[in-house]
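Thank you all for coming; I would like to walk through one structure this morning, moving from one region to the next. Please keep the sequence and the model in view as I talk.

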Amino acid sequence: MALIDADDTIVAIASPTSPAIRGVVRISGDDTLAILKRMGIHSEGIERPQRMATKVDLGSPLGIIPVDVMVWPTRRSYTGQPSAELHTYGSLPLLRGLVDEAGRCGARPARPGEYTMRAFLAGRLDLTQAEAVLGVIEAEQRGTLDHALRQLSGNLSQPLERMRSTLLDLLADVEAGLDFVDEDISFISDEDLVDRLSAIGTEIEQTLQVMQSRGGGSSRAMVALCGPPNAGKSCLINRLSDQQVAIVAEVAGTTRDTVTVDVELQGTLVTLIDTAGIEEAQTEVSQQSQIQARRSATEATVRLWCVDASGENFVDAANDLRTVATEIQNPQTIDIWVATKMDAGIHPSLDENWIACSAVTGEGIDKLLDVLGQHLTQQDSEEVGSILGTAARCTQSLQQASDSINQAILLTRSQEGHEFVSAELRLVAQCLGEVTGAVYTDDILDRVFGRFCIGK
Ligand SMILES: Nc1nc2c(ncn2[C@@H]2O[C@H](COP(=O)(O)OP(=O)(O)OP(=O)(O)O)[C@@H](O)[C@H]2O)c(=O)[nH]1
Ligand SMILES: [Mg+2]
């Protein structure tokens, strides 16, 4: 499919196709104004973005419908082309009628992702941002949306662009030397070259790790056990992991440092984290434990809030914990409320919001694992899609970049000649460029924009 074909004027429904109050049809391309005119919309002489209320005749049986038209007559638009949006009632037959009418007047139906691709080609977005647009479109859950928005704001592309620019400087120094090889003039010593290559290599490796932790396949869900001192968190982590990883004792305040253990729960790899009991810090050590515990709770994928079900002050303890949970809320984390020590008694106010269990007898542990497993699978599938797509594409390019950097270091150390080093560096620049789209091929554009839906 020839995707890089931005000359035609395209049209598509841009709003969701389910019934809604308003619906939007988009047109983009050099012929936008002419097509609007053929549709009977007065578009002559428009020089700046404009909004107009008008009517369009869709013929029988749809008839004449009211349309709010927004026109961007020049290249200063999202797609970098003259473009327009036609807003009308959110009825699918009417919106299809408008698309057909625009088609009769010279527009071509847009392919999936074609609008965003035009924005990319016009330099409005880089590839990771384009993928983030897809993420925003796909995001059904708040957490995924936050992730997509962060990517859109460029926290991935900025460091990559910086690395690429450092690399291009280095490449320039190496290549400058090549012109003077016969005169034995060098612009950069081998030692300096290895140092600079290693620095870039380290940065690429770090970015790879971030990418992988974002869902490149090897990420692990973090499940933190939190709650007041003596709630039985350590005993529970030992039971869940089937190992004696944490010290259990009658005295409150036993756990200070967080304790982690990697386990497989219901087919998902997770890191369980035992934390210090949440309390008012009295000493400096306790203060540090509190900071660690809260950090774990904030960063966790799932939080198991544990309260002693047999305790007389169950209600107060639960209320205090709810306050803490709200204070350190993260839209992406899931909270599960666990009533521990059920073998020793169950407080009468315990309701269905709690999962009761006993780490000592094992009662209720299967139920807890089931609920945990369900949440973890659900989170996994929400991450799949845009974010994983980006991570997979970028991981591949970054891995190649990292391999070429290592190769360049080897070539420099074995004094093979800077011609070979420079060839490797060109490969690195290409790979880094591919991630953000500074260098792109039809294949990459196909892979990115083919995942979009039509009208975006
Ligand atoms: N009967 C009963 N006792 C339990 C259970 N779980 C823990 N305990 C007891 O409760 C006490 C505290 O258990 P821990 O697991 O150390 O509690 P913790 O929440 O880690 O406490 P801190 O580390 O001090 O915050 C110990 O004496 C445990 O033996 C349980 O399921 N049933
Ligand atoms: Mg403990």
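Helix 3, which covers residues 114-121, lies across strand 1 (10-13), strand 2 (20-28) and strand 6, and it runs at about 130° to strand 1. I should say at once that this is a predicted model, and everything that follows should be heard with that in mind.

Let me stay with the sheet beneath that helix, beginning with strand 1. Strand 1 pairs with strand 2 in the antiparallel sense, over four bridges, whereas its pairing with strand 6 is parallel and rests on two bridges. V11 takes part on both sides, since it stands opposite I27 in strand 2 and opposite P109 in strand 6. As for the side chains of strand 1, I10 and A12 point one way while V11 and I13 point the other way, and all of them are buried. That fits a general pattern, because in a regular strand the side chains alternate between the two faces of the sheet.

The sheet as a whole is open and has six strands, in the order 3-4-5-2-1-6, with mixed pairing. Which strands stand at its edges? They are strand 3 and strand 6 (108-109), each of which has a single partner strand, so one side of each is left without a neighbour in the sheet.

At the other end of that order, strand 3 (residues 50-57) and strand 4 (residues 64-72) pair in the antiparallel sense, with eight bridges between them. Six residues separate the two strands in this hairpin, and G59 there takes a positive phi near 75°. Strand 4 is also joined to strand 5 (residues 83-90), again antiparallel, by five bridges. If you follow V69 across the sheet, you find M52 opposite V69 on the strand 3 side and L86 as the bridge partner of V69 in strand 5. M70, for its part, has E85 as its bridge partner in strand 5.

I turn now to the metal. Which residues coordinate the magnesium ion, ligand 2? The donors are S234, through OG, and T255, through OG1, at 2.0 Å. This pair links distant parts of the chain, with S234 in helix 8 (residues 233-241) and T255 in the loop between helix 8 and strand 8 (259-265), 21 residues apart. S234 is buried, with a relative accessible area of 9%, and T255 also counts as buried, at 13% relative accessibility.

Helix 8 leads us to the nonpolar interior. The largest nonpolar core has 28 residues, of which L236, L272, L304, I336 and L368 touch the most other members. Elements that each supply at least two residues of this core include strand 7 (221-226), helix 8, strand 10 (302-308) and strand 11 (334-340), while the largest share, six residues, comes from helix 11. L368 illustrates this well: leaving aside neighbours within four places in sequence, L368 is in contact with L236, L240, L304, I336, V338, I355 and C357. There is also a second, separate core of 27 residues, and among its members are L171, V174, L398 and L425.

C357 brings up the question of cysteines. How many disulfides does a search of the whole structure find? The search finds zero. C235 is in no disulfide, and the nearest cysteine sulfur, that of C357, lies 9.9 Å away; C235 is partly exposed, with a relative accessible area of 24%. C357 is likewise in no disulfide, the nearest cysteine sulfur being that of C306, at 7.3 Å, and C357 counts as buried at 1% relative accessibility.

Two further residues deserve a moment. L350 is found in the loop between strand 11 and strand 12 (354-356), and although L350 and A309 are 41 residues apart in sequence, they are 7.7 Å apart in space, C-alpha to C-alpha. Setting aside neighbours within four places in sequence, L350 is in contact with F314, A339 and A356.

The last residue is S397, in helix 12 (residues 386-413). Is S397 buried or exposed? S397 counts as buried, at 6% relative accessibility, and, not counting residues up to four places away in sequence, it touches C431, E434 and V435.

How values were computed
Residues numbered from 1 in each chain as written. Chains lettered and ligands numbered in written order. Predicted model: local features only at pLDDT ≥ 70, side-chain atom pairs only at ≥ 80, totals over all residues. Heavy atoms only, no water. Donors = N, O, S within 2.8 Å, 3.2 Å for Na, K, Ca; no water. Buried < 20%, exposed > 50% of the residue type's maximum accessible area, 1.4 Å probe, protein only. Disulfide = S-S within 2.5 Å. Pairing = 2+ DSSP bridges. Core = buried A, V, L, I, M, F, W, Y, C linked by side-chain atoms within 4.5 Å. Contact = heavy atoms within 4.5 Å. Axes fitted to C-alpha atoms, helices over the stretch in contact; angles between N-to-C directions.
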